[in-house]
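Please open the model in a viewer and keep the sequence panel visible beside it. The tour below proceeds by selections, each followed by a short account of what is found there.

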Amino acid sequence: MMLWRKGFYWLGLVMITLLACSFQTVFWFQVLGHLSPPLLWLSIINYVILARKAPSSLFWVYLLIAVANFYSATSLGLFWLVIFLYYWAVVLVKKNFYMESTSYFVLINFGGAFLFHILFWLASYLIETNPTQILPLDRMSQNLLTPLFSIPMYYLLKKWERFTKAPEIYMDTARYESE
């Protein structure tokens, strides 16, 4: 029974990631035109990093990134490199300053959006022959919209966790508990 609930929980997270990526790549541009969308998939990644212990959550983050990469023109290797560095930076912050609250999640998404763009630009510049452009207005709008949209995403993911009884599954084994 426990294995079935874990599978259902993670399948749901994959589906939420697919829906979030679809929203930000298709629906957003139909409604708001050329305004850069928030990084909704990054909010899901941050939730997984904050809700589970390292390094076991790294596998799930990589799985969700592989799903999100279907909606991107970025190579999976570059994406995984950036997320690997991003993951450990967020884990380091979580290890020193962690509290389970919406405001903390919004702050992690705000700083995380900046960090992701910096890491992505640096990795692209160092690895690719044709690196990504900086595009300051697009990046700034994403950095400001990501924390704003992370609030409903946080409550959606919390509701999904309660619905699947995921805290019961992971208590004492994988969920991060502050001391």
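A residue is called buried when its relative accessible area is under 20%, exposed when it is over 50%, and partly exposed in between. The model on display is a predicted one.

**Stop 1: the loop between H5 and H6**

Select Leu135, which is in the loop between H5 and H6. Its relative accessibility is 38%, so Leu135 counts as partly exposed. Leu135 is not a glycine, yet its phi is positive, at about 45 degrees. Most residues other than glycine have a negative phi.

Now select Thr129, which is also placed in the loop between H5 and H6. Is Thr129 buried or exposed? Its relative accessible area is 86%, and Thr129 is therefore exposed. Add Ala166 to the selection: the C-alpha atoms of Thr129 and Ala166 are separated by 43 Å, and the two are 37 residues apart along the chain.

**Stop 2: helix H6**

Select residues 136-163, which form helix H6. How far apart should the ends of a helix of 28 residues be? At 1.5 Å a residue, the expected span of H6 is 40 Å, and its end C-alpha atoms are 40 Å apart, so the two values agree.

Next, centre the view on Ser150, where H6 bends by about 35 degrees. A proline, Pro152, follows within four residues of the bend. Beyond H6, select Lys165, which has a positive phi near 55 degrees.

**Stop 3: helix H5**

Select Tyr104, which lies in helix H5. With a relative accessible area of 8%, Tyr104 is buried, because the limit for that class is 20%. Add Lys94 to the selection: it is 10 residues from Tyr104 along the chain, and their C-alpha atoms are separated by 9.9 Å.

**Stop 4: the loop between H2 and H3**

Select Ala54 and Pro55 together. The peptide bond from Ala54 to Pro55 is cis, and its omega is near 0 degrees. Pro55 belongs to the loop between H2 and H3. In general, most peptide bonds are trans.

**Stop 5: the largest nonpolar core**

Select Trp41, Ile44, Ile49, Val61 and Phe116. These residues touch the most other members of the largest nonpolar core, which has 46 residues. At least two residues of this core come from each of H1, helix H2 (40-51), helix H3 (56-68), H4, H5 and H6. The most, 10 residues, come from H2. In soluble globular proteins, nonpolar side chains tend to be buried together.

**Stop 6: the largest pocket**

Select Leu39, Tyr71, Ser72, Thr74 and Gln142. Of the 24 residues that line the largest pocket, these lie nearest its centre. Helix H1 (2-32), helix H4 (76-96), helix H5 (102-127) and H6 are the elements that give two or more residues to this lining. Which of them supplies the largest share? It is H1, with 4 residues. The volume of the largest pocket is about 630 Å³, and its lining comprises 12 nonpolar, 9 polar and 3 charged residues.

**Stop 7: the second largest pocket**

Select Phe114, His117, Ile118, Trp121, Ile134, Pro136, Arg139, Met140 and Asn143, which line the second largest pocket. This pocket holds about 180 Å³ of space. H5 and H6 each contribute at least two residues to its lining. By class, the lining divides into 6 nonpolar, 2 polar and 1 charged.

**Stop 8: the cavity**

How many cavities of 30 Å³ or more are counted in the model? The count is 1. Elements that give two or more residues to its lining are H2, H5 and H6. To find the cavity, select Tyr47, Leu50, Tyr98, Glu100 and Tyr154, which lie nearest its centre among the 12 lining residues. Its volume is about 100 Å³. H2 gives the most to the lining, with 3 residues. The classes in this lining are 8 nonpolar, 1 polar and 3 charged residues.

Conventions. Residues numbered from 1 in each chain as written. Predicted model: local features only at pLDDT ≥ 70, side-chain atom pairs only at ≥ 80, totals over all residues. Heavy atoms only, no water. Expected span 1.5 Å × (residues − 1). Bend = angle between axes of the 7 residues up to and from the residue. 1 Å grid on protein atoms, 1.4 Å probe; cavity = no way out; pocket = protein on both sides within 12 Å on 5 of 7 lines; lining within 4 Å. Points joined across faces, edges and corners; volume = space filled by probe spheres on them. Nonpolar A, V, L, I, M, F, W, Y, C, P; charged D, E, K, R; others polar. Buried < 20%, exposed > 50% of the residue type's maximum accessible area, 1.4 Å probe, protein only. Core = buried A, V, L, I, M, F, W, Y, C linked by side-chain atoms within 4.5 Å.
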